[in-house]
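Please open the structure in your viewer and keep the selection panel at hand. This tour proposes what to select at each stop and describes what is found there.

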Amino acid sequence: VTTFGQAAEAHLDDVYAYLVYFTGDRSAAEELTGETFERALRLWHRFDPRRGSARTWLCQVARTAALDHFRSERRRARREEIYGRGLREVDEPRFAEGLSPALERALARLSAGEREVIALRIVLDLDGPTTARALGISPTACSTRLSRALEKLEEALGDHVAA
Amino acid sequence: VTMSQPDPLTELRANRPVAPAALRDHVRLLTASRPAPPRRITWRRGLLVLAPTAVAVVALGIAVRGDGTHTRAADQAVREPAPLTKTPAGTVTVPFSAATPQAALGDRAGVPSNSGKRLQDYEAYLRLRVKDGDAVSAATQRAISVARSLGGYPVSVDVANGGRDGDATLTLRVPVTHVQEAVARLSALGTILGERVSIQDVQGGVNAVDRQIARLQRRLRELRAQDPTDRVKRQIEALTQEVQRLQRNRAATVRQARLATVSVELTTRRPEPPAKSESGPLDGAWTALRWIGIGALFALIVGGPFVVLGILAFLAWRIARRRAEARLLASS
């Protein structure tokens, strides 16, 4: 039987990586990771290993926390009238150490939803059905979303090479 | 998906973000300081247990109540004489009992006694089974003998004897002072299939007639003291006739009350067995299932539209939430 401590130790990096790609902001991902595990600790009694792995369940909790974060950010942006300004350009790596600047910029041009599916399927290497369950969509929709995200990523990389 | 060189997917996998040490320490501290709360009973789990339990309790309750009522009624029929029922008109009736044992009447415990001081209209009914047509004839003769030996007489006798089968209906009049003995002796003529006793108090009516007669007689005395005009004479004549009519009625009521009417039915036919559905250990279960079915159908009819509306509202809410989520993620 997996304890919460074991699950947290084993999947902390997964949750963090997912949130980094999802939010596109490493400091926000750090905060959300901490919040995710606090929520997960409170909700651990609801975790049912027969319905999915601890990693998938933790990603679902992280997703809820991230969506709440996006909603509050949008409200804040509206209040501060900076909504629509888009993602800020940064010099330091936003996603991961070691990524090429071209890939960093290409990822930054993707939406949160597109980065999310790349994070789950490519970075965390979850299978299609598990990713679909984590996102609350059908496996077909998940596959379509991944294809579009990768096409967009390739396109963005092509634009960078051409430039 | 094919990608241009360098392969970004390989690059993404090779450079997975790693949680900073501070975040790792924070999570470790979190898990160490606060153990995960124990698994609680959720409402869904509780419902899964409570719903069948409630249904089982209701079914059991109906089943036990149904069986219990039947058992109590049967016990009462066997162990006790049928209870008396008083009606507003002063009638006391022992209801028909299809299973009253012979002992109940044989020891006179089941036959209400006549009140010695008040005038009462006493009626008793007995239904007896005898073995064959000859026994019907013999029992008829003995019943008449019983009535005569107690100072009574037969009012009507109707005997139909077909040899093997037979029926007889007797109406006997016996003095109310001997009615208990008469019923006890008559009930010994066969196996009792049913009995009924009805007692109606007529003393109140007789007293009222007495008061009315006394009033009319006072009025007569007053009229006779007056001058005997034609009008007074006609009044005296009318009142005299009314007094005589009332006195005849009173006398008839008193005569009626001095004798009890005992109706006896003799038959060779066996009583029909009770309906199968009224007995058996599964009756309660069927009753419970029927009521549960009725309740479920009622709930379906009443709650169905609300359930459909609820489902539609939930689906609409989920679609709206997903669209809002998609817009949120597309703009973030």
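Begin by displaying the polar contacts between the two chains: in this predicted model, nine residue pairs are in polar contact across the interface of chain A and chain B, both residues of each pair being at pLDDT 80 or more.

Next, colour the helices of chain A. The side of chain A that touches chain B takes at least two residues from each of α1 (4-23), α2 (26-43), α3, α4 (101-108), α5 and α7. Select α1(A) in particular, for this helix supplies the largest share of that side, 12 residues. When the residues of this side of chain A are coloured by class, 30 are nonpolar, nine are polar and 14 are charged.

Now select B:R28 and A:E9. These two residues form a salt bridge, and their closest N and O atoms are 2.7 Å apart. In total, four salt bridges are found across the interface of chain A and chain B.

Widen the selection to the whole contact, which involves 53 residues of chain A and 36 residues of chain B. The area buried between the two chains is about 3900 Å², and carbon and sulfur atoms give 63% of this area. Which residues of chain A lose the most area to chain B? Select A:L41, A:H45 and A:I122: together they account for 17% of what the chain A side buries.

The last stop is the largest pocket, which holds about 840 Å³ of space. Its lining comprises 25 residues, and those closest to the pocket centre are A:R63, A:L135, A:G136, B:R321 and B:E325. Select α3 (54-79), α5 (112-123), α6 (128-135) and α7 (139-162) of chain A, then add α9 (283-330) of chain B; each of these helices supplies at least two lining residues. The helix α9(B) gives the most, with seven residues. Finally, colour the lining of this pocket by class: 11 residues are charged, eight are nonpolar and six are polar.

Terms used:
Residues are numbered from 1 along each chain as its sequence is written. Chains are lettered from A and ligands numbered from 1 in the order in which they are written. This is a predicted model: local features need pLDDT of at least 70, side-chain atom pairs count only at pLDDT 80 or more; totals for chains, interfaces and linings use all residues. Side-chain values use heavy atoms; hydrogens and water are left out. On a 1 Å grid over the protein atoms alone, a cavity is a set of points where a 1.4 Å probe fits but cannot get out, and a pocket is an open set with protein on both sides within 12 Å along at least five of seven lines; lining residues have an atom within 4 Å of a point. Grid points are joined across faces, edges and corners, and a volume is the space filled by probe spheres set on the points. Helices (H or I, at least four residues) and strands (E, at least two) are DSSP runs, numbered from the N terminus. Ala, Val, Leu, Ile, Met, Phe, Trp, Tyr, Cys and Pro count as nonpolar, Asp, Glu, Lys and Arg as charged, and the others, Gly among them, as polar. Contact means heavy atoms within 4.5 Å. Buried area is the accessible area (1.4 Å probe) that two parts lose on being put together, summed over both. A salt bridge is a side-chain nitrogen of Lys or Arg within 4 Å of a carboxyl oxygen of Asp or Glu. A polar contact is a pair of N or O atoms within 3.5 Å; within protein, one must be able to donate a hydrogen and the other to accept it, and residues adjacent in sequence count only if both atoms are side-chain atoms.
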